[in-house]
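Grab a coffee and work through these short exercises with the structure open. Each one sets a task, then walks through a solution.

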Amino acid sequence: MALLAGTLCLLLPSCDAERDPCLQPVNVAVRLQFLQRAADTGNSFRDTALPNMLINPVDGPETYTIAGVKGATRYDIRLSPLSDVCRWYIQPDSSHPGRRDTLTFLYERRLHFISNACGYTYYYALGEVSTSGRVLGDTIHAIDSVVIADRDVNGEAGKVHVKVYFHKP
């Protein structure tokens, strides 16, 4: 009888089956590229290293400030999975507190299944990105304009989604 019980224990599958680990990225981000005119005239632009950037979500579930990012020419931010709009403020240089702008993102959320191990995430389709210095009461605009370079925010590495063009300081 003991031999039969031991054999059954070996043949029956365990209830504690180990799941495969999630080895894929589950968070997607909007990649911003910072640019400035190369000369006062013409249409050529160059990457702009922001000297000491502050960036923060204006509203939404994330309440943190990314401070002291030195020499950033590109930066990734997250959109809210709870809404189809979110706002971030960017201050290119922390030594100029009145010179900041608000970026407003309007987008469509798309639930995306990754795998059994990873579950679901949201992909986004950018509809519009606008800028304003008035949301936070600032009157000096640091940003000249914004352009959507790629509307599909889906975790694909290396893609720039939004180009942010700054005025010369």
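**Exercise 1. A residue at the surface**

In which strand does F113 lie? Work out as well whether F113 counts as buried, partly exposed or exposed.

*Solution.* One thing to keep in mind first: this is a predicted model.
- Step 1: find the residue; F113 sits in strand 7.
- Step 2: check its accessibility. The relative value for F113 is 40%. Buried means under 20% and exposed means over 50%, so F113 counts as partly exposed.
- Step 3: look at its company. L111, F113 and Y120 make a nonpolar surface patch of about 350 Å².

**Exercise 2. The overall layout**

Describe how the elements run along the chain, starting at the N terminus.

*Solution.*
- Step 1: count them; there is one helix, plus eleven strands.
- Step 2: put them in order. From the N terminus, the pattern reads α-β-β-β-β-β-β-β-β-β-β-β.
- Step 3: see how far contacts reach along the sequence. Take the contacts between residues at least 6 apart in sequence: 54% of them join residues at least 24 apart.
- Step 4: check burial. Of the 169 residues, 35% are buried.

**Exercise 3. Inside the core**

Which residues touch the most other members of the largest nonpolar core?

*Solution.*
- Step 1: this core has 27 residues, and L32, F34, L103, F105, V162 and V164 are the ones touching the most other members.
- Step 2: ask where the members come from. Elements giving two or more residues to this core include strand 1 (30–37), strand 7 (101–115) and strand 11 (162–166).
- Step 3: zoom in on V164. Skipping residues up to four places away in sequence, V164 touches L32, Q33, F34, L35, L103, I143, S145 and V146.

**Exercise 4. A lysine in a loop**

Is K159 buried or exposed? Find what its side chain reaches.

*Solution.*
- Step 1: K159 is in the loop between strand 10 (152–153) and strand 11.
- Step 2: its relative accessibility is 14%, so K159 counts as buried.
- Step 3: follow the side chain of K159, which gets to the backbone oxygen of D152 at 3.1 Å.
- Step 4: list the contacts. Apart from neighbours within four places in sequence, K159 contacts R31, D150, D152 and N154.

**Exercise 5. Far in sequence**

How many residues apart in sequence are V58 and L103?

*Solution.*
- Step 1: V58 belongs to the loop between strand 3 and strand 4 (66–69).
- Step 2: V58 and L103 are 45 residues apart in sequence, with their C-alpha atoms 9.2 Å apart in space.
- Step 3: with neighbours within four places in sequence left out, V58 contacts R87, W88, Y89 and T102.

Terms used: Residues are numbered from 1 along each chain as its sequence is written. This is a predicted model: local features need pLDDT of at least 70, side-chain atom pairs count only at pLDDT 80 or more; totals for chains, interfaces and linings use all residues. Side-chain values use heavy atoms; hydrogens and water are left out. Helices (H or I, at least four residues) and strands (E, at least two) are DSSP runs, numbered from the N terminus. Buried means under 20% relative accessible area, exposed over 50%, partly exposed in between (1.4 Å probe, protein chains only). Contact means heavy atoms within 4.5 Å. A nonpolar core is a set of buried Ala, Val, Leu, Ile, Met, Phe, Trp, Tyr and Cys residues joined through side-chain atoms within 4.5 Å. A polar contact is a pair of N or O atoms within 3.5 Å; within protein, one must be able to donate a hydrogen and the other to accept it, and residues adjacent in sequence count only if both atoms are side-chain atoms. Patches are made of residues with over 30% relative accessible area and no salt bridge: like charges are joined within 9 Å, nonpolar side chains (Val, Leu, Ile, Met, Phe, Trp, Tyr) within 5 Å. Accessible areas come from the Shrake-Rupley method with a 1.4 Å probe; for residues, only the protein chains shown count as cover. A salt bridge is a side-chain nitrogen of Lys or Arg within 4 Å of a carboxyl oxygen of Asp or Glu.
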